[in-house]
Amino acid sequence: MALGAIGDGRLLLLLVGLLSASGPSPTLAIHVYTPREVYGTVGSHVTLSCSFWSSEWISEDISITWHFQAEGSRDSISIFHYAKGQPYIDDVGSFKERMEWVGNPRRKDGSIVIHNLDYTDNGTFTCDVKNPPDIVGKSSQVTLYVLEKVPTRYGVVLGSIIGGVLLLVALLVAVVYLLRFCWLRRQAVLQRRLSAMEKGKLQRSAKDASKRSRQPPVLYAMLDHSRSAKAAAEKKSKGAPGEARKDKK
Amino acid sequence: MLLLLLGIIVLHVTVLVLLFVSTIVSQWLVNGGQTADLWQNCTSGTGAIFQCLTSSTNEWLQSVQAMMILSVIFSVLSLFLFFCQLFTLTKGGRFYLTGIFQILAGLCVMSGAAIFTVRHTDWHEASENTSYGFAYILAWLAFPLALASGIIYVILRKRE
């Protein structure tokens, strides 16, 4: 008896669950997405993008509508309609010859472009998409602001100043180190040449010392100069070991 | 010798702390119960309730923010380079790189504070009660200290 009651209860629960699942569900609706605000400059063009997501296959009966409510007005006028694969653009209202259909329903895109903006275009644009049988859903609104100059986003000036100065400083430091490295290398090359010359002159002076009497003063002068230069270079490069040698002595 | 090293490090850390506090605390202007800049404008309501809004997006304020951030970066780099050069420099060598970065930090602080002084009326209406907050004063304090610290590094020779 008890087992039978439990079995009945479980069946009832299953039935209730199935019934509730077949009712209205949040995923079985059409979702429309537009940006919240769009900024445009007077005289230029702006793209009002509208994308949607539908749980049904995109059929031929899909319809996309754009409404416009001017700033300070309570009326919302229809300015664009797309139905049965054919776009219908406003050719009598305030957007006459200024609107362009750039959307593609197959790609879930219902965007329009408005050229030659004017201050009267300030207002709210509403994008509404219906894809039978998927017709339940919220339309989305985008507010257009037409300004003389579009303000730059916050952080552009900040980031560019920081990045520019850091780059400049890094470049300067790199250039200074490169120059120093090249200069030291040149010094080493010159040093090697001087020491090679000194060796050659020493050998020759040893041979001709007895024969020529006028040459020695010049040779000695050269030897002295090269020796002093070599000693100075040795002092610079060998800091601690040289001192250690002195200490040992 | 060790005393000199300690003194130099203490000076550098002091400059760093001044720069950090001046950059982070948003109290460059004070007007009664309201504090403003560099990052937030706060009003203290009844009791201890603060209502804060982000500061204006004016380009001059952004440049002041950039200069303060740069000064902090340069000072930190300078401290790091000081310890690097302490162990790698040859005897008798000078701490050029450390000194140059510290001097750059001082110049950045100065330019940031100067730009703020000249241009703060662009994004705040001038009123009689507005006075400069302590973060602004710390910025001006950090400038000569940073410069002095940098010059000491440039003059100092490595011993021992």
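This is a short chat about the cysteines in a predicted model.

User: Hi! How many disulfides are there over all chains?
Analyst: Hello! A search of the whole structure turns up two. Keep in mind that the model is predicted.

User: Cool, which residue does A:Cys50 pair with?
Analyst: A:Cys50 is joined to A:Cys127, with an S to S distance of 1.9 Å.

User: And where do those two sit in the chain?
Analyst: They link distant parts of chain A, 77 residues apart. A:Cys50 lies in the loop between β3 (46-48) and β4 (51-53), while A:Cys127 is in strand β10 (residues 123-130).

User: Is that link left-handed or right-handed?
Analyst: The link of A:Cys50 and A:Cys127 is left-handed, with -75° about the S-S bond.

User: Is A:Cys50 buried or exposed?
Analyst: A:Cys50 is buried, at 1% relative accessibility. Its partner A:Cys127 is buried too, at 0%.

User: Switching to chain B, which cysteines form a disulfide there?
Analyst: That would be B:Cys42 and B:Cys52, whose sulfur atoms are 1.9 Å apart. B:Cys42 belongs to strand β3 (residues 40-44) and B:Cys52 to strand β4 (residues 50-54), ten residues apart.

User: Why is that one called right-handed?
Analyst: Because the torsion about the S-S bond of B:Cys42 and B:Cys52 is about 110°.

User: What about accessibility for B:Cys52?
Analyst: B:Cys52 is partly exposed, at 37% relative accessibility, whereas B:Cys42 is buried, with a relative accessible area of 8%.

User: Last one: is B:Cys108 buried or exposed?
Analyst: B:Cys108 counts as buried because its relative accessibility is 8%, under the 20% cut-off. B:Cys84, at 33%, is partly exposed.

Conventions: Residues numbered from 1 in each chain as written. Chains lettered and ligands numbered in written order. Predicted model: local features only at pLDDT ≥ 70, side-chain atom pairs only at ≥ 80, totals over all residues. Heavy atoms only, no water. Disulfide = S-S within 2.5 Å. Helix = DSSP H or I, 4+ residues; strand = E, 2+ residues; numbered from the N terminus. Buried < 20%, exposed > 50% of the residue type's maximum accessible area, 1.4 Å probe, protein only.
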